[in-house]
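Q: Could you take me through this model one feature at a time, giving the general idea before the particular case?

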Amino acid sequence: MSEINVQRRQFLKMSMGVAAVAIAPGVFLFDMAHGKADANKVRWGMLIETANCAEGCNDCVTACNTENGLSGGVSSTDSQWIRKIEIKDISTGRETSLPMMCQHCEHPPCVDVCPTGASFKRADGIVLVDKHLCIGCRYCIMACPYKARSFVHEPLQNQNPDVPRGKGTVESCTMCVHRIDQGKQPACAEACPNKSILFGNLNDPDSEIATRIRTVASAQVRADLGLNPGVRYQGL
Amino acid sequence: MHSHSPFLLKNRLFYILTSIAALIVLAGLYSVHLMEEHGHIITGMNNQIVWGIPHVFAIFMIVAASGVLNVSSIGSVFNKPAYKARAPLAGLLSIAMLAGGLTVLMLDLGRPDRIIVAATNFNLTSVFAWNVVLYSVMFAAVVAYLWTMMEARMQPWSKQAGFVVFIWRFALTTGTGVIFSFLVARQAYGSAILPPMFIVISFAWGLAVFHIVQSAIYQWNSKTLDEYVQKRMKNLLGLFVVAALYFVAVYHLTNLYFARQVEFEHFILAGGGIYPLLFWAGYVVLGNLLPLLLIYLPGWGKSQHVAVASAMVILGGFAFLYVFIIGGQAFPLSIFPGFEVKSSFGDGVIGLYSPSLPEVLLGFGGVGIAFLITAVGIRVLNFVPRELPKKAL
């Protein structure tokens, strides 16, 4: 073999090695970002005990705003990822207070209608918006039965680096995906003074949340729509 | 005097009109720039009313763009010579309104700069993504159809092209209706009657636009429309108006029958302030009853009556879409049926919306684009209907 050929062979080997080293983390991170590694083993969800949720208590909302860098404003153009709703049964007069946020549906209408695929569901059940693909058409807001999504109406300042947002795009509760991926709890669950928000893996039969929903009566909001939300409510 | 000859006057008028339209388009583009700079905060839209005036304009133009092609379909598919002579003009109007409507829709996006993302990332389950295909193919099909009609060598293909356009525009308006009928949770939408309703409505709006442009052209060229053609076309408009009203009535009657929808219907038809007013006075009376009188009352139904009736149908169309799109969002989402609800995010309360100047200008900018395409098209190409001898009709 001529020297040129040997050199060429070495060059090709090295290039392939460099390329593999360069691509591998990307492929790995891509999988991680889409939660592919956890497919079917994990479905993150929440169980909210409404009996303990105090009217007037806003700690989960405040924690969410702080964690995700939201202004906390409540005008009609401000983003609200989680809100407290006070409901009163018209026929019985019974009053209940509860937090409402993205319900992380198994069959999310927002994902179905999104023209670009910016709205997507990770394999672990968390529904997110890809801020690079969202064109701001707001069709997902029209489609969401829970009014869970907000449109960013103004330029943003002082963003939390873990939670990128963008003017002209749609956003909603991420279930604090950046915390979950670090093995932590969502900010609202951690902040609730009465521990009314139980967060966990619905697909792990031994998890606390799976045990609880097996033993106590819980309900999904607008269960009639058949979307199978990952957030359940106790005492509705 | 030579400089005041009718020809030169008209020439001047043409430039004045197109300049005004160009200025309106520029104002619309400036609004878009402002919306880009400041965000949608400068519009009246918010997290409850996410689609506003721009969508009313855009959907009107897109629906009318499909409906106006009826004129060419009656010519090509159903072989009526009176309509065949008008098919090129209908095709031009369709392209013009499609361009105007889509521009408004696109520039109202939160990120209009990412339009390339919409063109390269298709979510196959999304009606919006389907519509991107429907609109693009429609454009191409109508252009091809115009080519077959205006280029002698292509004329043998005219019938086939007309047929493709005929089929495709049904798909397109179905797509527009389906945008709303696939919204499962909204009380105003989520109904299978919406696509056929939009198709029939498109016939009325499209023909109304056609009537107005046609009478303007005839006026401009000091021609009178053949009485036979005029009578046929005005009766067709009347028929479409009645048919559209029928579908709207059935849509509301069905809702009224369902106990869970009664509150919503009460809001739209009686208690909702601006929305019932626009529905009854704007859509039903101005957009249907008065035009029908103008068309069918004995002794009326002349060219100028039909032009006024058409303008009314168009205004009624805008009123209808305002109620349908904005009223439909203003009524609160029923997240907890059977419960009284309150929150900091507008749960349980009627959404407030007042259109701002920039978004209104954006809407008119789209109309300006449609006008410019039509006016320039008619001036430089042969779109004026050529009347055939009466016996050929």
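The dialogue below goes from the fold of chain B to the sheets and the interface.

A: Before anything else, keep in mind that this is a predicted model. We can begin with the overall build of chain B, which holds 14 helices and one strand.

Q: How compact is chain B for its 393 residues?
A: The idea is to set the radius of gyration beside the value that the globule rule gives for the length of the chain. For chain B the radius is 22 Å, close to the 21 Å given by the rule, so chain B is as compact as a globular protein of that length. Along its principal axes, the C-alpha trace of chain B spans about 70 × 50 × 45 Å.

Q: How should I read the packing of helix 5 of chain B against helix 14 of chain B, and at what angle do their axes cross?
A: One reads the distance between the axes, the angle and then the hand, with an angle over 145 degrees counting as roughly antiparallel. The axes of helix 5 (residues 87-107) and helix 14 (residues 357-380) of chain B come within 8 Å and cross at roughly 155°, and the two helices are therefore roughly antiparallel to each other. Helix 5 of chain B passes helix 14 of chain B in a right-handed crossing. The residues making this contact include Ala96(B), Gly100(B) and Val104(B) of helix 5 of chain B, and Gly363(B), Gly366(B) and Ala370(B) of helix 14 of chain B. By class, the residues of the contact divide into 13 nonpolar, seven polar and no charged.

Q: What is the strand order of the four-stranded open sheet of chain A, and which strands stand at its edges?
A: A sheet is read from one edge to the other, and here the order is 8-1-10-9, with mixed pairing. Strand 8 (197-201) and strand 9 (218-219) of chain A stand at the edges, each with a single partner strand, so one side of each is left without a neighbour in the sheet. Within the sheet, strand 1 (residues 44-49) and strand 10 (residues 231-234) of chain A run parallel and are joined by four bridges, with Gln234(A) as the bridge partner of Glu49(A). Helix 7 (residues 208-215) of chain A lies across strand 1, strand 8, strand 9 and strand 10 of chain A, and runs at about 110° to strand 8 of chain A.

Q: Which strands make up the open sheet of three strands?
A: Here the chain letters need attention, for the order is 3(A)-2(A)-1(B), with antiparallel pairing. Strand 3 of chain A and strand 1 of chain B stand at the edges, each with a single partner strand, so one side of each is left without a neighbour in the sheet. Neighbouring strands of this sheet are turned by 30° against each other on average, direction ignored. Within chain A, strand 2 and strand 3 form a hairpin with five residues between them, and Gly93(A) in the turn has a positive phi of about 85°. Seven bridges join this antiparallel pair, in which Ile85(A) stands opposite Leu98(A). Across the chains, strand 2 of chain A (residues 82-89) pairs with strand 1 of chain B over five bridges in the antiparallel sense, and Ile87(A) stands opposite Val341(B).

Q: How many residues of each chain are in contact across the interface, and which element of chain B gives the most?
A: An interface is read from its residue counts to its elements and then to its chemistry. In this model, 40 residues of chain B are in contact with 44 residues of chain A. Helix 6 (115-120), helix 7 (127-150) and strand 1 (339-343) of chain B each supply at least two residues of the side of chain B that touches chain A, and strand 1 of chain B gives the most, with five residues. That side of chain B divides into 20 nonpolar, 14 polar and six charged residues.

Notes:
Residues are numbered from 1 along each chain as its sequence is written. Chains are lettered from A and ligands numbered from 1 in the order in which they are written. This is a predicted model: local features need pLDDT of at least 70, side-chain atom pairs count only at pLDDT 80 or more; totals for chains, interfaces and linings use all residues. Two residues are in contact if their C-beta atoms, placed from the backbone, lie within 7 Å. Ala, Val, Leu, Ile, Met, Phe, Trp, Tyr, Cys and Pro count as nonpolar, Asp, Glu, Lys and Arg as charged, and the others, Gly among them, as polar. Two strands pair if DSSP finds at least two bridges between them. Axes are lines fitted to C-alpha atoms, for helices over the stretch in contact, and angles run from 0 to 180 degrees between N-to-C directions. Angles under 35 degrees count as roughly parallel, over 145 as roughly antiparallel, 65 to 115 as roughly perpendicular and the rest as oblique. A crossing is left-handed if the near helix is turned anticlockwise from the far one by less than a right angle, and right-handed if clockwise. The radius of gyration is taken over C-alpha atoms; the globule rule is 2.2 Å times the number of residues to the power 0.38.
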